[in-house]
Amino acid sequence: MQKTIISVKNLVKNYGNFEAVKDISFDVYEGEIFGLLGPNGAGKSTTLEIIETLRSKSGGEIIVDGLDIDKQPDEIKKIIGVQLQTSGFYPGLTLTELISLFSGLYNKKVDAMELLKKVNLDDKAKNKSKELSGGQRQRFSIATTLINNPKIIFLDEPTTGLDPQARRNLWELIREIRNNGTTVIITTHYMDEAEQLCDRIAIMDKGTIIRLDSPDKMIDELVATGFERPKQVKAASLEDVFIHLTGDKMRDE
Ligand code: ADP
């Protein structure tokens, strides 16, 4: 029996007359990687920002690790990690300086080297953030979610714009974080990523959740309806070719 760490019941969010989130309910289990997928405008960010206590809701109930979002938002803030916008990484500060700045915001003392080690950036501790590659920047951004040693982290399209090697490297990092006991909620537009990474996914469209299950189950169910891909699938993909030719080693180490 899985333990529920986030429970969302009948969540509604209206912007004026527009219903962005229409009475959705779902649970996230402790220790899983939970994907929230859907086309742009589906209501994903709105839903996540409400759970992150950054936006108000119009209706419904949300419990995060036993804490009621209406009564204990500050307690919830203490146990979640939200990715900071990379635009907040002052380009002239070193990674160590940025961590001490961010940990000050959380009122936490943090061992910067230990944190950087977790995301394999300890050798960049004295580098300025402007000197990081795209993949390193994303890894650093994931490190910032771990500053307060959270039970749950929220990752918003963490691999957008990365090369295939850096994406795989980030998947490994996200799995490691989950394996260390942190629940991960992730949004992505890459379906291969969701299939590889997520234990369960919710697919949102036009403010409602249209399907919630494991990727495997969803695929099996579609196949059971008689669905076939229009083209014979080859035994390898172009991404396999790319990784085969260029190797899976990160280039920006
Ligand atoms: P997603 O993250 O799935 O792309 P959003 O939650 O950002 O979707 O947006 C859902 C819908 O709500 C969109 O139609 C968007 O235009 C609208 N919306 C989002 N934020 C606001 C806002 N602050 N004011 C008015 N409408 C908004």
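Reader: Which helix gives the most to the shell around the ligand?

Author: Helix 1 does, with three residues. A quick note first: this is a predicted model, in which local features need pLDDT of at least 70 and side-chain atom pairs count only at pLDDT 80 or more, while totals for chains, interfaces and linings use all residues. Residues are numbered from 1 along each chain as its sequence is written, and side-chain values use heavy atoms, with hydrogens and water left out.

Reader: What makes a residue part of the residues around the ligand?

Author: One of its heavy atoms must lie within 4 Å of the ligand. The residues that qualify are Tyr 15, Phe 18, Ala 20, Pro 39, Asn 40, Gly 41, Ala 42, Gly 43, Lys 44, Ser 45, Thr 46 and Arg 55. Strand 2 (18-29) and helix 1 (44-51) each supply at least two of the shell residues. Helices (H or I, at least four residues) and strands (E, at least two) are DSSP runs, numbered from the N terminus.

Reader: How many residues of each class does the shell have?

Author: Five are nonpolar, five polar and two charged. In this scheme Ala, Val, Leu, Ile, Met, Phe, Trp, Tyr, Cys and Pro count as nonpolar, Asp, Glu, Lys and Arg as charged, and the others, Gly among them, as polar.

Reader: How do you know that something is a polar contact?

Author: The pair must be N or O atoms within 3.5 Å; within protein, one must be able to donate a hydrogen and the other to accept it, and residues adjacent in sequence count only if both atoms are side-chain atoms. Gly 41 has a backbone N or O atom 2.7 Å from an oxygen atom of the ligand, and for Gly 43 the corresponding distance to a ligand oxygen is 2.9 Å. A side-chain N or O atom of Arg 55 is 3.3 Å from a nitrogen atom of the ligand. Taken alone, the ligand exposes 560 Å², and the protein buries 60% of that. Such areas come from the Shrake-Rupley method with a 1.4 Å probe; for residues, only the protein chains shown count as cover.

Reader: Why is Ala 143 called buried?

Author: Buried means under 20% relative accessible area, exposed over 50%, and partly exposed in between (1.4 Å probe, protein chains only). Ala 143 has 0% relative accessibility, so the label buried applies. This residue is in helix 5 (residues 134-145). Setting aside residues up to four places away in sequence, Ala 143 touches Leu 115 and Val 119, where contact means heavy atoms within 4.5 Å.

Reader: What makes Asp 68 buried or exposed?

Author: Asp 68 has 17% relative accessibility, and therefore counts as buried. Asp 68 lies in strand 5 and, beyond residues up to four places away, touches Ile 62, Ile 63, Pro 73 and Ile 76. A polar atom of the Asp 68 side chain is 2.8 Å from the backbone nitrogen of Asp 70.

Reader: And what is the class of Lys 77, by its relative accessible area?

Author: At 37%, Lys 77 is partly exposed. Lys 77 sits in helix 2 (residues 73-79) and, leaving aside neighbours within four places in sequence, is in contact with Thr 53 and Asn 148. Lys 77 and Pro 150 are 73 residues apart in sequence, with C-alpha atoms 9.1 Å apart in space.

Reader: How do you know that strand 1 and strand 4 pair?

Author: Two strands pair if DSSP finds at least two bridges between them. Strand 1 (residues 4-15) and strand 4 (residues 59-64) have five, in the antiparallel sense; Ile 6, for instance, has Val 64 as its bridge partner in strand 4. Strand 1 and strand 2, also antiparallel, are joined by nine bridges, and Ser 7 is partnered by Asp 27 in strand 2.

Reader: Why are strand 2 and strand 5 said to stand at the edges?

Author: The open sheet has four strands in the order 2-1-4-5, with antiparallel pairing. Strand 2 and strand 5 (67-68) each have a single partner strand, so one side of each is left without a neighbour in the sheet.

Reader: What makes the phi of Asn 10 worth a mention?

Author: Phi of Asn 10 is near 50°, a positive value in a residue other than glycine. Most residues other than glycine have a negative phi. Asn 10 is in strand 1 and is partly exposed, with a relative accessible area of 42%. Asp 65 also has a positive phi near 50°, and is found in the loop between strand 4 and strand 5.
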